[in-house]
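Let's walk through this fold together, from the surface charges to the sheet and the core. Keep the structure open as you read.

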Amino acid sequence: MKLLNSDIVALKFKDIKEEVANIDVSSSYKTAEFDSIVDLLLKDSRKNVNALGNKLLKEKNKILDEIKRVRAMYDFDKSFGDFNIIAGVDEVGRGPLAGPIVSCAVVLDLNVLDEQLLLWINDSKKLNEKKREELAEIIKEKALAYHIASCDSEEIDKRGIGVCNNAVFLEATNSLQIKPDLVLSDGYTIKGIDIPNKSVIKGDTKSANIAAASIVAKVYRDKLMKEYAVKYPYYAFEENVGYGTSKHIDGIKEYGPCKIHRMSFLKNILED
């Protein structure tokens with residue numbers, strides 16, 4: 001870190017700010033060099049330089065808080081008993097008027113060091129699109145196993161959303177390359193599963209595996225709905241991913257439903 005080899009008093013604020021901007025806090029916050037730089041900045045006589053030190057300190061504390069939060073999610077998954085391999089399963093797309101319901105099952109290594117934790121995992125709806133996409137790639141790379149399953153709109157109309165919800169949970173879980181000893185499912189117990197299963201209310205905020213599954217499933221489905229938006233341009237699928245926004249409903253009323261609409265969900269709209 002160049003600042004440690006410089007006379008900081010002689011440096012202009014602009015130059016110091018540029019050096020601080022190049023510091024990767026996530027990879028250096030535990031080092032003695034990082035602490036030394038923060039100390040230098042805080043001891044400087046200039047308030048704007050002090051502010052840079054406080055900014056670095058704030059970023060470090062944010063990471064430490066995040067480690068604590070995510071570690072609790074990993075520990076939650078391990079709190080159900082003496083199970084070696086634990087999977088989490090979640091779904092996205094239960095409520096939209098169009099598109100599939102998608103589920104993902106994920107098995108994470110729950111015995112990792114702090115440096116290997118999947119930081120920022122959470123309920124996928126609480127993350128912005130860019131963060132979800134970044135995390136989905138990291139999760140797929142680091143997971144011991146994952147599998148995505150879906151039921152399309154035709155199946156949903158034929159079998160019902162509840163049956164399809166269970167079906168994608170079951171398929172995603174049973175298709176994992178590593179068979180889990182326990183499956184944690186978000187909100188619902190899985191009917192017909194032959195593996196020990198616990199349902200967790202709001203599991204995507206409590207369980208590391210469920211949160212990871214939530215993110216991968218949502219990124220997969222959102223991408224699919226953007227592809228459908230090109231094929232079916234009248235419903236703003238690229239914005240609403242199939243949910244019943246005003247643009248979407250206006251499109252249905254003007255152009256009628258398309259092939260991926262769930263007709264069983266449109267009765268009230270089509271009757272108006």
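A residue here is called buried under 20% relative accessible area, exposed over 50%, and partly exposed in between (1.4 Å probe, protein chains only). By that yardstick K226 is partly exposed, at 34% relative accessibility. You're looking at a predicted model, where local features need pLDDT of at least 70, side-chain atom pairs count only at pLDDT 80 or more, and totals for chains, interfaces and linings use all residues. Residues are numbered from 1 along each chain as its sequence is written, and side-chain values use heavy atoms, with hydrogens and water left out.

K226 has a charged partner: it forms a salt bridge (a side-chain nitrogen of Lys or Arg within 4 Å of a carboxyl oxygen of Asp or Glu) with E129, and their closest N and O atoms are 2.1 Å apart. That pair ties together distant parts of the chain, with E129 in helix α5 and K226 in helix α8, 97 residues apart. Helices (H or I, at least four residues) and strands (E, at least two) are DSSP runs, numbered from the N terminus. Like its partner, E129 counts as partly exposed, at 38%. Salt bridges with shared partners also join R132, K218 and D222 into one network.

The structure holds 16 salt bridges. Another one pairs K30 with E115, with 2.5 Å between the closest N and O atoms. Here, too, distant parts of the chain are linked: K30 sits in the loop between α2 (25–28) and α3, E115 in the loop between β2 and α5, 85 residues apart.

Now for the sheet. Five strands make an open, mixed sheet in the order β3-β2-β1-β4-β5, where two strands pair if DSSP finds at least two bridges between them. Because β3 (145–151) and β5 (197–200) each have a single partner strand, one side of each is left without a neighbour in the sheet. β1 and β4 run parallel, joined by four bridges.

What about the inside? The largest nonpolar core (buried Ala, Val, Leu, Ile, Met, Phe, Trp, Tyr and Cys residues joined through side-chain atoms within 4.5 Å) has 48 residues, and those with the most contacts inside it include L41, Y74 and I121. Helix α8 gives the most to this core, with nine residues. Leaving aside neighbours within four places in sequence, I121 is in contact (heavy atoms within 4.5 Å) with residues including Y74, I139 and I215.
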